[in-house]
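Biologist: Please take one helix of this model and describe it closely, from its ends to its buried side. After that, go on to the aromatic contacts and the backbone exceptions elsewhere in the chain.

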Amino acid sequence: MIVPSAAQMMEWIETVVAEGVRRPGYPADDRVAEWAAGLFADFGLRDVRLPPVELEAWHPVGATLRAHLDADPATVVEVAAFALPYTMEKARVTAPLARAPERGAIVVKECALGRLPQALLREAATSFYDPEGVFDHLEQILPMDLDAMAGLGAAIEAGAAGFVGAFTGMPWESRDHYVPYDAVRRPIPAVWLSRDDSRRLLALMSEGPCTATLSVEAEVRPAVSHNVTGVLPGRSDQWVIIGSHHDAPWASAVEDASGVALVLAAALYWSQVPRERRPHNLLFLLTAGHMAHAAGTRAFIAANRDLLGEVVLQLHLEHAALRCEIVDGVLVPTADPEPRWWFTTQDPRLERLVHDTLVAEDLRRSFVVRPDIFDPMPLTDGAFFFPEKVPLVHFLAAPMYLFDSADTLDKVDQAALEPLTRAAIRIVLGTDGWTRSPDP
């Protein structure tokens with residue numbers, strides 16, 4: 001099958017990244033949505049729309065932490081910080097520093113990115129494709145620290161005055177950690193510190209009691225973003241939805257300019273296939289507001305619930321990512337893909353279709369996993385289709401830089417763009433003749 005070239009897809013990715021930071025409600029994200037809708041129309045998709053999605057846009061302005069040793073106020077550590085999204089927008093609090101949750105204190109929680117041995121995930125997977133045998137020893141560094149989020153919750157519950165996530169375990173020097181992205185308003189000021197600044201602060205605290213002033217300025221305001229949809233009719237009355245999201249924490253190439261490119265590539269391919277050779281009606285979906293608790297996906301489901309019973313497959317495509325190594329404190333892309341997760345509804349024929357597709361396209365370092373293996377829903381922008389009982393295949397990779405400004409063009413797995421596109425096409429073709437049924 002002839003699919004759009006990797007060069008064409010990289011051109012799309014570069015176009016998206018060049019717009020700048022694409023957080024929900026940001027002008028750059030709006031421009032990308034309009035551009036994508038224009039391409040859908042150029043490809044010949046029907047009923048191209050930009051349905052609105054209401055959400056709250058979070059705009060950080062700045063944050064700092066200034067701490068001094070109580071026994072010697074001239075001994076000071078002052079650092080720039082990055083405010084946790086949707087925490088208290090404007091604050092200036094002075095309070096003692098504490099390592100444990102404590103009322104009235106600024107709680108300092110030491111953080112490190114999580115690690116996942118691939119041998120452990122292999123044991124829990126439905127199937128896997130690892131012709132190199134690397135899962136025996138490979139350990140994946142994940143893009144967040146769940147203990148840090150639990151620490152923030154504990155600080156709020158204790159009545160703390162503020163929260164500092166001290167990322168001593170960040171493999172590279174960065175404070176640009178766009179987590180959490182659930183759009184939940186949290187009532188205290190909270191910031192992330194970079195690795196080296198965290199170590200300076202903790203070294204000061206080890207000398208004795210400290211007091212700090214935490215200053216944060218951000219804005220949260222209502223905004224309207226837009227999903228992007230387009231349709232290609234097929235020969236059955238059933239539907240396949242092929243989606244990803246267009247917003248991002250930064251200018252983000254992998255998260256999710258690469259997903260946008262994969263959806264565009266699928267749309268372009270199927271637009272050149274005669275209707276009678278499309279196994280089902282195809283709906284292409286680029287959602288807004290993934291970084292605001294999947295606002296676009298939730299809005300699409302709410303507006304199209306009557307359609308869901310006719311959907312034989314919801315295919316989500318996210319993150320064509322290269323694995324990185326740390327060399328002298330710097331992220332350096334390797335030639336290898338980040339382990340690939342294929343969240344797949346537990347239907348034997350669908351699981352078999354996905355596994356056979358991975359082998360056919362040589363998409364190594366892949367796991368087929370049940371949608372709720374990590375959480376009640378898959379860790380994707382399309383997660384909210386799962387409780388609606390829509391059959392799904394969601395592709396996602398989770399590199400350690402996913403929520404960081406270090407997600408740049410050199411991290412895109414260019415060699416995988418065409419095989420991933422062919423895989424998406426194979427999976428859709430594999431559903432030929434399928435219909436929704438209570439017991440697949």
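Modeller: The account below starts with helix α4 and then moves to ring pairs, a buried histidine and unusual backbone geometry.

The model is a predicted one. Helix α4 covers residues 146–158, which is 13 residues. At 1.5 Å a residue these should span 18 Å, and the C-alpha atoms at the two ends are 19 Å apart, so the length agrees with the expectation.

At the N-terminal end, the cap of α4 is Asp 145. One of the side-chain oxygens of Asp 145 lies 2.9 Å from the backbone nitrogen of Asp 147. Just after the helix comes Gly 159, with a positive phi of about 85°.

The buried residues of α4 are Ala 148, Met 149, Gly 151, Leu 152 and Ala 155. Viewed down the helix axis, the buried residues fall within an arc of 155°, and therefore they line one face of α4. The cover over these buried residues includes β6 (106–112), β10 and β11. On the face turned away from the buried side, α4 carries the exposed residues Leu 146, Asp 147, Ala 150 and Glu 157. Asp 147 thus appears twice: its backbone nitrogen is the partner of the Asp 145 cap, and the residue is listed on the exposed face.

Two strands named in that cover, β10 (162–169) and β11 (190–193), are joined by a loop that holds Pro 180. The peptide bond from Val 179 to Pro 180 is cis, and its omega is near 5°. Ala 183 lies in the loop between β10 and β11 as well. Ala 183 is not a glycine, yet its phi is positive, at about 60°. With a relative accessibility of 24%, Ala 183 counts as partly exposed.

A second cis peptide bond runs from Glu 255 to Asp 256, with omega near -5°. Here the residue after the bond, Asp 256, is found within helix α6 (residues 253–271). Another positive phi outside glycine belongs to Asp 47, at about 50°. Asp 47 is part of strand β1 (residues 46–49) and is partly exposed, because its relative accessibility is 45%.

Next, the rings. A pair of aromatic rings is described by the distance of the centres and the angle of the planes. In this model the count comes to 16 aromatic pairs. In one of them, Trp 341 and Phe 343 have ring centres 6.2 Å apart and planes at 85°, so the pair is edge-to-face. Trp 341 is buried, with a relative accessible area of 3%, and Phe 343 is buried at 0%. Trp 341 also pairs with Phe 374 in a tilted arrangement, at 4.8 Å centre to centre and with 45° between the planes. That pair links distant parts of the chain, since the two residues are 33 residues apart: Trp 341 is in strand β19 (residues 340–344), while Phe 374 is in the loop between β20 (366–369) and β21 (392–397). Phe 374 is partly exposed, with a relative accessible area of 33%.

Elsewhere, ring pairs join Trp 58, Phe 82, Tyr 86, Tyr 178 and Trp 250 into a cluster. Tyr 178 of this cluster comes just before the Val 179 to Pro 180 cis bond. Two arginines have their charged ends over rings. Arg 298 sits over the ring of Phe 384, 5.9 Å from its centre, and Arg 349 sits over the ring of Trp 434, 3.9 Å from its centre.

Last, the histidine. His 246 is found in the loop between β14 (239–245) and α6, and its relative accessible area of 1% makes it buried. The side chain of His 246 makes a polar contact of 2.7 Å with the side chain of Asp 29. Leaving out residues up to four places away in sequence, His 246 touches a set of residues that includes Arg 22, Asp 29, Val 32 and Ala 33. Also among the contacts of His 246 are Ser 225, His 226, Asn 227 and Val 228, together with Val 260, Leu 286, Thr 287 and Ala 288.

Methods
Residues are numbered from 1 along each chain as its sequence is written. This is a predicted model: local features need pLDDT of at least 70, side-chain atom pairs count only at pLDDT 80 or more; totals for chains, interfaces and linings use all residues. Side-chain values use heavy atoms; hydrogens and water are left out. Helices (H or I, at least four residues) and strands (E, at least two) are DSSP runs, numbered from the N terminus. Buried means under 20% relative accessible area, exposed over 50%, partly exposed in between (1.4 Å probe, protein chains only). Rings of Phe, Tyr and Trp (its six-membered ring) pair if their centres lie within 6.5 Å; planes under 30 degrees apart count as stacked, over 60 as edge-to-face and the rest as tilted. A charge sits over a ring if NZ of Lys or CZ of Arg is within 6 Å of the ring centre and within 35 degrees of the ring normal. The expected span of a helix is 1.5 Å times one less than its number of residues. The arc is that of the directions from the helix axis to the C-beta atoms. Contact means heavy atoms within 4.5 Å. A polar contact is a pair of N or O atoms within 3.5 Å; within protein, one must be able to donate a hydrogen and the other to accept it, and residues adjacent in sequence count only if both atoms are side-chain atoms.
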